[in-house]
Amino acid sequence: MNINIFENSSLGSQFVANRIGKVLAARNLVSKPTVLGLATGSTPIEVYDELIKKYRNEGLSFKNVVTFNLDEYYPMEPSDVQSYYYFMHQNLFNAIDIQPSNVFIPNGEIHEHKIIKYCEQYDDKIAEVGGIDIQILGIGANGHIGFNEPGSERKSATRFVTLDEQTRKDASYTFNGIENVPESAITMGIDTILKAKEILILAWGKRKAEIIKQCLFGEVTSTKPATFLQAHPNVNVVLDVEAASLLDLD
């Protein structure tokens, strides 16, 4: 793992956006699509702000970009302000020139009897476009990536999951109470994530310092799913000084 530490989240987000922008620009020159795996929540939001700036100020085009989001609450309507569909359109897609047909976000309205087949098709679609070139990840306080909660197995594929109580507590402030947070979700699996050619995992703030230390240098275990990233050959860990405060890098 390559560990990159910045004074604050703004500088770290600029680093991530610059990395993505460099790949996009190079592939655009030869008319090759770029496949991005995207995350939601407060962690990547500044990255999306920086990518919008690159589109507006530098002419970076997203017309050849295909995106796959990590997860979505279930059940969840796309129009709901708590949905990740809404989040992505409000914070990125509506402000760039990406083609709507190239945007893939797990469907929080899929009929429960069709979920298994739908999840298989989600992974199949990723494979059809050549796999994910760059995957953005945050990390939960319990070590989850996507909604791969503690207990998720290394070989897990995209699937329906039950959310951990810690995850629901962490989300409760945006739902005006834990009682309003869905108990389930659809998420890319660990195996799906690890097939990405490059992974950028981001963490900001002192609250993430302990889990970052455990997941970068601790035992690889399904109880902390982010530890599986230790085996990936191309991971950039992007931290602010507070998230990196417990790391001994001497």
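Start by selecting the buried residues of helix α4: Ile-115, Tyr-118, Cys-119, Tyr-122, Asp-123 and Ile-126. Look down the axis and you'll see why they belong together: they cover an arc of only 140 degrees around it, which puts them on the same side of α4. Keep in mind as you click around that this is a predicted model.

Now show the whole helix, residues 115-128. Its 14 residues reach 20 Å from first C-alpha to last, close to the 20 Å expected at 1.5 Å a residue.

Flip to the face turned away from the buried side. Here you'll find the exposed residues Ile-116, Lys-117, Ala-127 and Glu-128. Past the helix, pick Gly-130, which follows α4 and has a positive phi, near 100 degrees.

Back to the buried side: what do those residues pack against? Bring up β3 (65-69), β4, β5 (103-104), β7, β8 and α6 (190-194).

From that set, go to strand β8, residues 184-187. Turn on its side chains: Ser-184 and Ile-186 point one way, Ala-185 and Thr-187 the other, and all are buried.

Next, add the strands that pair with β8. Strand β4 (residues 71-74) pairs with β8 in the antiparallel sense over 4 bridges, and strand β7 (residues 159-162) also pairs with β8 in the antiparallel sense over 4 bridges.

For a last stop, centre on Ser-184. Tyr-74 stands opposite this serine of β8, and so does Thr-162.

Note on methods
Residues are numbered from 1 along each chain as its sequence is written. This is a predicted model: local features need pLDDT of at least 70, side-chain atom pairs count only at pLDDT 80 or more; totals for chains, interfaces and linings use all residues. Side-chain values use heavy atoms; hydrogens and water are left out. Buried means under 20% relative accessible area, exposed over 50%, partly exposed in between (1.4 Å probe, protein chains only). Helices (H or I, at least four residues) and strands (E, at least two) are DSSP runs, numbered from the N terminus. Two strands pair if DSSP finds at least two bridges between them. The expected span of a helix is 1.5 Å times one less than its number of residues. The arc is that of the directions from the helix axis to the C-beta atoms. Contact means heavy atoms within 4.5 Å.
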